[in-house]
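Trainee: I am new to this structure and would like a close look at one part of it, a place where two helices pass each other. Please take it slowly and then set that part within the rest.

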Amino acid sequence: MPPVQNFVRAEILPSGYLIRPCEGGGSIIHIVDHMNLEAWSVPEVLRPLYESSAVLAQKTTVAALRYLRQIAQEVSQTNVSNWGRRPAALRALSQRLSRGFNEALNGLTDEGWSMLGSDGMDDITILVNSSPDKLMGLNLSFANGFSSLSNAVMCAKASMLLQNVPPAILLRFLREHRSEWADNNIDAYSAAAIKVGPCCLPGTRVGNFGGQVILPLAHTVEHEELLEVIKLEGVGHSPEDAIMPRDMFLLQLCSGMDENAVGTSAELIFAPIDASFADDAPLLPSGFRIISLESGKESSSPNRTLDLTSALETGPAENKVGNDLHTNGGTSRSVMTIAFQFAFESHMQENVASMARQYVRSIISSVQRVALALSPSHLGSHGGLRLPLGTPEAHTLARWIFQSYRCFLGVELLKSIAEGSESILKSLWHHSDAIICCSAKAMPVFTFANQAGLDMLETTLVALQDITLEKVFDDHGRKNLCSEFPQIMQQGFACLQGGICLSSMSRPISYERAVAWKVMNEEDSPHSICFMFVNWSFV
């Protein structure tokens, strides 16, 4: 969007808070947000968001309620806090991430930002900030990765329209699979631009890249916001460093990853930090923000506001109103905004601007490819990564899994189920135990999982094919599986002892027992092998 001179798009009408005591202790808080958002001043595609009281409630009112609830819990339960032993410090870090990302997106001239000329393609906006206030935070400690010569900050940002991809699903994929969008060929850019500083290219796979480990720090009461550290293993910051790879750390804030939660926006914000993780470490946030345009369509129900606030009572898993309004009503649209910040030396401005444009364009291309893969047209008639009821292959595989289990184990996998393929698939998808199917090859790769299986592996149907059977089991489990594998192929099934396996995020998972059986096709030939993990839980 082009910059707006005064950047005023709302008039705040009488609003505020009313707190009343309750009998027996505690209090009730009432919040009123009354605004004229001046919808006429924004592009037509975004106008529904500025005309919607539901969006105002989601982004402002309910957000305030959640924040106050978090503070109240920390005050009343000092020994039990989701934000650990230092809730105030961790909350301050999350707020610094959000504030730094918002400042980069807004690009206000009052805060020192100025726009560079376009390179002829108007898809990327480049802003530069060399004000002392902006740089002061970055020069607190040069050991945090920012070069002592860096005297300016650049922001490259862009927006894109997405079709039929719920924000929560796309954001979860971006979080779990950084390698799908982060550029691992950054060393192809000019060596001078790379050497600006090891942390000037946030989130990139610079040089060599070993892998990603997510280290959880804290979460809010309803898990709608996560604060975590991302460890990128074996990163070399330049070609000369490739023989001595180092680990790189990102402080990351995620919100809006539950499709069933009220609110239809999602954010993934991260900033490089060093291993010391000091409270006053300089932060240069970058990331993604996805806002559903369908959330601007008002529901005809008079209980819409009650539906929004009821999430604070029932929890996000039980309240599906916000999701159902925009994912089950046909085509859904959302806007993704991407913003990446770079610290640089002012005399390198043109080189860094060229690199930043190319890098953000490569991210846009990757996100478009991922969004296309996650769209319902590729995954069935239901939105996102939900049960692909529209694909005949899914119905057929579900029927084979069901019939093979009955044939080899002599009992029913699904109780009181009709023989219809659609009914079998639905029951299999909602089965409480994790059911995961893999190819019957020398290096088995997972091809299908029900909802519990995806939750256990912390992955999606699209990314499931990147996980091998060997990566899931620990050493004991692999030995157990190797000893039982001949029995599975000969007898058709085997029962495995309980143990520990690993999710795609390397989180340990315990399970009471596992059952494996051979899945036969219509020609009575082995098609795949299915595993059912009974009573699994994260350790």
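Trainee: Which word describes how α5 and α9 lie to each other?

Mentor: Before the helices, a word of care: this is a predicted model, in which local features need pLDDT of at least 70 and side-chain atom pairs count only at pLDDT 80 or more, while totals for chains, interfaces and linings use all residues. Residues are numbered from 1 along each chain as its sequence is written, and side-chain values use heavy atoms, with hydrogens and water left out.

Helix α5 covers residues 167-176 and helix α9 covers residues 349-374, where helices (H or I, at least four residues) and strands (E, at least two) are DSSP runs numbered from the N terminus. The two axes, lines fitted to C-alpha atoms over the stretch in contact, with angles running from 0 to 180 degrees between N-to-C directions, come within 11 Å and cross at roughly 125 degrees. α5 and α9 are therefore oblique to each other, given that angles under 35 degrees count as roughly parallel, over 145 as roughly antiparallel, 65 to 115 as roughly perpendicular and the rest as oblique. The crossing of α5 with α9 is right-handed, meaning that the near helix is turned clockwise from the far one by less than a right angle.

On the α5 side, I169, L170, F173 and L174 meet V367, V370 and L374 of α9, contact being heavy atoms within 4.5 Å. Sorted by class, this contact has seven nonpolar residues, with no polar and no charged ones; Ala, Val, Leu, Ile, Met, Phe, Trp, Tyr, Cys and Pro count as nonpolar, Asp, Glu, Lys and Arg as charged, and the others, Gly among them, as polar.

L170 also appears in the largest nonpolar core, which has 51 residues, and M154, L170, W181, F288, M336 and F340 are the members that touch the most others. The helix that gives the most to this core is α9, with 12 residues. A nonpolar core here is a set of buried Ala, Val, Leu, Ile, Met, Phe, Trp, Tyr and Cys residues joined through side-chain atoms within 4.5 Å, and buried means under 20% relative accessible area, exposed over 50% and partly exposed in between (1.4 Å probe, protein chains only). Apart from this core lies another, of 49 residues, including L413 and W517.

Leading into α5 is a loop that starts after β7 (152-163), and N164 has its place there. Although N164 is not a glycine, its phi is positive, near 60 degrees, and with a relative accessible area of 25% it is partly exposed.

A second helix pair may serve for orientation. α2 (residues 53-76) and α3 (residues 87-106) have axes that come within 12 Å and cross at roughly 160 degrees, and α2 and α3 are therefore roughly antiparallel to each other. Y67, I71 and E74 in α2 meet P87, R91 and Q95 in α3, a contact with three nonpolar, one polar and two charged residues.

As for the whole, the protein has 16 helices and 19 strands, and buried residues make up 51% of its 539 residues. Among the contacts with a separation of 6 or more, 62% come from residues 24 or more positions apart.
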